[in-house]
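Welcome, and please open your viewer. We will go from stop to stop, with something to select at each one.

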Amino acid sequence: MKFARYGVIAAGALLALFVITSSRALAHKGKHTPEQLKAFEDVFMEQVKIGDQIFHGDDATLKKFKVNLSRTGMACAMCHPFAADTHPYQFPKFQGSLGGFGTLRDMVNWCIENSAEGERIDPNSDAMKAVEAYIHWSNRAAKLDPGRH
Ligand code: HEC
């Protein structure tokens, strides 16, 4: 009898331990290997380089991604050298030019239409992701400060 009761208590304790440990939400279950980290970095830097080309108005890259960012020949980098004043760390935020609350991608498209006089691009396109990667990489030391100006 006594043994049976200890058995139940032990089983209960084990179950409780399992519930506690398994319910801890961990984003990463295991550590990435140095090889994996290098592969992630390579994928990111590849996008940064494409974004850099688009940002500087490289003809071949613009053609490849079928985007027309400017009718006047203005490249982003002419007004935003080294992605200056793009403020990726402030988004999402209220932007008077957008007439409300918007994202970095909204503002990239606003600038394409209004400053560079080009055609807005699909916010989920490969070109937009690459531009975003370049803008973020250029501002990588900045502290996140969403909502600020
Ligand atoms: C002719 C100059 C000019 C060109 C070309 C230009 N921009 Fe801008 N950009 C501006 C100005 C001026 C603002 C500020 C607009 C405002 O705050 O209302 C701005 C704002 C931005 C912002 C938002 C900054 C913030 O804090 O809200 C982003 C992002 C941006 N530009 C990205 C781009 C990208 C990407 C391109 C190329 C496709 C580009 N710009 C081309 C002049 C330019």
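A residue counts as buried if 20 or more other C-beta atoms, placed from the backbone, lie within 10 Å of its own (exposed: 12 or fewer; partly exposed: in between). Helices (H or I, at least four residues) and strands (E, at least two) are DSSP runs, numbered from the N terminus. This is a predicted model, where local features need pLDDT of at least 70 and side-chain atom pairs count only at 80 or more, while totals for chains, interfaces and linings use all residues. Residues are numbered from 1 along each chain as its sequence is written.

Start with the whole chain: six helices and two strands, in the order α-α-α-α-β-β-α-α. Of its 149 residues, 19% are buried.

Next, select the ligand. Around it are 20 residues (C-beta, placed from the backbone, within 6 Å), and C76, C79, S97, C111 and S115 are the closest. Which helix gives the largest share of this shell? That is α5, with five residues; α4 (76-79) also supplies at least two.

Now select α5, residues 104-114. Its buried residues are L104, M107, V108, N109 and I112. Among what covers them are β1 (93-95), β2 (100-102) and α6.

Finish at α6, residues 126-138, where 13 residues reach 18 Å from first C-alpha to last. That is close to the expected 18 Å (1.5 Å times one less than the number of residues). Color its buried residues, including A127, M128, E132 and Y134. The cover over the buried residues of α6 includes α2 (34-55) and, back at our previous stop, α5.

Note on methods: Contact = placed C-beta atoms within 7 Å.
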